[in-house]
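Visitor: I've never read a protein structure before. Could you walk me through one?

Guide: Sure, let's look at it together.

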Amino acid sequence: MTHRRVLIAGATGLVGSHILQRMLQDDTVSEIHLLSRRDLTRQHPKLHLHQVDFKQLPPLPPLDEIYLALGTTIKQAGSRAAFEAIDLDANVAVANAGLTAGAKRLGLVSAMGADVDSMLFYNRIKGELEAELSTLPFETLVIARPSFLLGDRDALKQPQRHAEKLGIFIFKLLAPLLPMHLRAVEASKVAACLVTHVPAVSGEKIILSGELQNNG
């Protein structure tokens, strides 16, 4: 398919930034629409920036594909309710708005452990998001479930806490001993998997973290 019109929500994050970079380099993509809560300065001939309120999205331009990489942490959001408003409500709102704009394919950055019945709040919200998106009439739904994400947070000006740095060190140290699905995965590999599968897959496909390790 040529002249693909794609939308990315969360392009300033670890995975979303890699999705954006790949789309900019893809000659089959003619339009890239970015949704963001704040103004973005990046410019490119096929890049269209939309500063929006995710609680009240405007009508979106005609689309073919959506990539949802919106996410935060409870600490950054400030409360469980604020976290849910971003990780669940905003993602669902974008998906519905994208459907109205004609999108047929959707890729989601979820998480290992996503489960609507999980006793862990984070995993339960991720599970509820997957379940909500599964009810929408997309021709393609690709869900990537990465474990702990690795990437250059400093380049994205994302503050990295001491506990997070310690977690990365431990994940890397124990990697040979951990099952593939529990090993930390590079954000670039998650992005590579989504941009490869979303245009090519029909129906719903869930890709676990161990499988994401095989993408370049």
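Visitor: How many bridges join strand β1 to strand β2, and do they run parallel or antiparallel?

Guide: Start with the general idea: strands of a sheet pair through backbone hydrogen bonds, either parallel or antiparallel. Keep in mind that this is a predicted model. Here, β1 (residues 4-9) and β2 (residues 29-36) run parallel, with six bridges joining them. To see one pair, find Arg 4: its bridge partner in β2 is Val 29.

Visitor: And what is the strand order of the whole open sheet?

Guide: Reading across, you get β3-β2-β1-β4-β5-β6-β9, seven strands with parallel pairing. At the edges sit β3 (47-51) and β9 (203-208), each pairing on one side only. On average, neighbouring strands are turned by 15° against each other, ignoring direction.

Visitor: Which strands does helix α1 touch?

Guide: Helix α1 (residues 14-25) packs on the sheet and touches β1, β2, β3, β4 and β5. Its direction makes about 160° with that of β1.

Visitor: Which strands does helix α4 lie across?

Guide: Look for residues 121-134: α4 lies across β4, β5, β6 and β9, at about 175° to β5. With its 14 residues, α4 reaches 20 Å from first C-alpha to last, close to the 20 Å expected.

Visitor: Which residues of α4 are buried?

Guide: A general hint first: an α-helix has 3.6 residues a turn, so residues three or four places apart point the same way. In α4, the buried residues include Ile 125, Leu 129 and Leu 133. Among the elements covering the buried residues of α4 are α2 (74-77), α3 (80-100) and β6.

Methods. Residues are numbered from 1 along each chain as its sequence is written. This is a predicted model: local features need pLDDT of at least 70, side-chain atom pairs count only at pLDDT 80 or more; totals for chains, interfaces and linings use all residues. Side-chain values use heavy atoms; hydrogens and water are left out. Two strands pair if DSSP finds at least two bridges between them. Helices (H or I, at least four residues) and strands (E, at least two) are DSSP runs, numbered from the N terminus. Axes are lines fitted to C-alpha atoms, for helices over the stretch in contact, and angles run from 0 to 180 degrees between N-to-C directions. Contact means heavy atoms within 4.5 Å. The expected span of a helix is 1.5 Å times one less than its number of residues. Buried means under 20% relative accessible area, exposed over 50%, partly exposed in between (1.4 Å probe, protein chains only).
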